[in-house]
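Here is a quick walk through a structure you may not have met before. Have a look at it first, and then we'll start with the surroundings of the ligand.

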Amino acid sequence: MSGTTTARTAVVTGANKGIGRAIARRLGQAGHTVYLGARDEQRGRAAERELRAEGLDVRFLHLDVTDEASAASAAERIAQEAGHLDALVNNAGVGGPLSTPSETPADEVRRVYETNVFAVITVTNALLPLLRRAPAGRIVNVSSVLGSLAHAAARKDPTGVFPDGVFPAHLAYNTSKAALNAVTVTYANELRDTGILVNAVSPGWVATDINGHQGALTPEQGARIPVLLATLGEGGPTAAFVGEDGTAEGRLLDW
Ligand SMILES: NC(=O)c1ccc[n+]([C@@H]2O[C@H](COP(=O)([O-])OP(=O)(O)OC[C@H]3O[C@@H](n4cnc5c(N)ncnc54)[C@H](OP(=O)(O)O)[C@@H]3O)[C@@H](O)[C@H]2O)c1
């Protein structure tokens with residue numbers, strides 16, 4: 001464990017652009033050493049350069065979240081450089097085909113789950129030993145209000161992105177985020193006695209590549225609640241699902 005440091009450290013997956021890059025920026029501004037996860041070295045290095053030029057301690061971390069070996073070597077590097085991890089933000093995600101159940105082949109659903117669900121388990125398990133070594137580890141899973149079963153059943157979006165009675169029925173994406181929500185609660189329950197808090201966030205409707213930049217919020221705005229959850233103080237919530245609604249602490253969403 002050479003070069004072990006007591007500085008606060010964070011990993012953000014899929015941080016070369018969009019909400020992930022904005023989360024990395026905000027965590028850097030809050031004084032973290034940020035490992036900027038990206039599967040593509042060129043894109044990752046470009047984001048690293050941009051944030052380092054702003055004076056932030058941001059380090060490109062090669063991490064394809066769907067690749068176990070990539071997650072294992074990321075964990076090894078952080079163990080050597082920092083010795084612990086304070087915050088893991090599982091942000092990397094894909095949209096997949098935005099089609100209804102009757103039009104979606106199961107293979108397309110499986111493909112989306114590889115990134116939005118199974119990869120979160122891969123990365124979390126690889127980095128959990130380092131989170132356990134931190135005084136107050138935090139795990140944030142970037143989900144979506146579209147993954148809420150309660151709100152889907154009522155066809156009511158409490159964050160106001162969709163009008164009442166309208167709730168898109170995208171099989172692959174919505175159910176992947178519902179599964180991610182279940183994963184979040186299950187980790188939270190396992191880790192309740194460790195001090196590690198595990199929560200899910202719906203960042204709001206954010207203009208990024210995933211939606212052809214149709215969102216109403218900027219990535220910086222979308223990064224606000226994820227960073228709040230990544231930096232929760234002692235006694236903060238665990239197994240909560242928090243949505244951006246413009247209020248200081250966000251809105252508690254139903255699972
Ligand atoms: N934008 C919204 O309105 C919105 C709303 C609710 C939830 N979300 C969630 O927010 C998260 C971030 O999305 P975004 O809006 O910022 O979209 P984005 O700009 O498309 O960013 C997605 C990020 O995930 C990365 N990624 C995808 N597969 C990966 C893999 N196998 N390994 C590592 N990185 C991978 C992408 O990397 P590449 O550049 O290499 O593809 C990119 O950095 C996602 O989980 C999304 O579901 C977004």
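Let's begin with the company the ligand keeps: the shell around the ligand is made up of 11 nonpolar, 12 polar and six charged residues. Keep in mind as you read that this is a predicted model.

Which residues come nearest to the ligand? There are 29 residues around the ligand, and the nearest are Arg39, Asn91, Tyr173, Val206 and Thr208.

Some contacts are worth picking out by their distances. Each row below pairs an N or O atom of the protein with an oxygen atom of the ligand.

| Residue | Part of the residue | Distance to a ligand oxygen |
|---|---|---|
| Tyr173 | side chain | 2.6 Å |
| Gly204 | backbone | 3.3 Å |
| Gly93 | backbone | 3.4 Å |

So much for single contacts; what about the ligand as a whole? Taken alone, the ligand exposes 900 Å², and the protein buries 94% of that. As for where the ligand sits, that is the largest pocket. Two elements give two or more residues to the shell around the ligand: helix 1 (18-29) and helix 6 (171-190).

Now for the aromatic rings. The count of aromatic pairs comes to three. One of these joins Phe162 and Trp205, and the pair is tilted because the ring planes stand at 55 degrees, with the centres 6.4 Å apart. Phe162 belongs to the loop between helix 5 (149-154) and helix 6, while Trp205 belongs to the loop between strand 6 (197-202) and helix 7 (219-222), so their pairing ties together parts that lie 43 residues apart in sequence.

Finally, a couple of backbone oddities. His213 is not a glycine, yet has a positive phi of about 60 degrees. You'll find His213 in the loop between strand 6 and helix 7. Ala239, another residue other than glycine, has a positive phi near 60 degrees. Where does Ala239 lie? Look in the loop between helix 8 (224-230) and strand 7 (241-243).

Terms used: Residues numbered from 1 in each chain as written. Predicted model: local features only at pLDDT ≥ 70, side-chain atom pairs only at ≥ 80, totals over all residues. Heavy atoms only, no water. Near = heavy atom within 4 Å. Polar contact = N/O pair within 3.5 Å; in protein donor to acceptor, adjacent residues only side chain to side chain. Areas by Shrake-Rupley, 256 points an atom, 1.4 Å probe, with all protein chains shown as cover. 1 Å grid on protein atoms, 1.4 Å probe; cavity = no way out; pocket = protein on both sides within 12 Å on 5 of 7 lines; lining within 4 Å. Sits in = over half its atoms within 2 Å of the grid points. Helix = DSSP H or I, 4+ residues; strand = E, 2+ residues; numbered from the N terminus. Nonpolar A, V, L, I, M, F, W, Y, C, P; charged D, E, K, R; others polar. Phe/Tyr/Trp six-rings, centres within 6.5 Å; stacked < 30°, edge-to-face > 60°.
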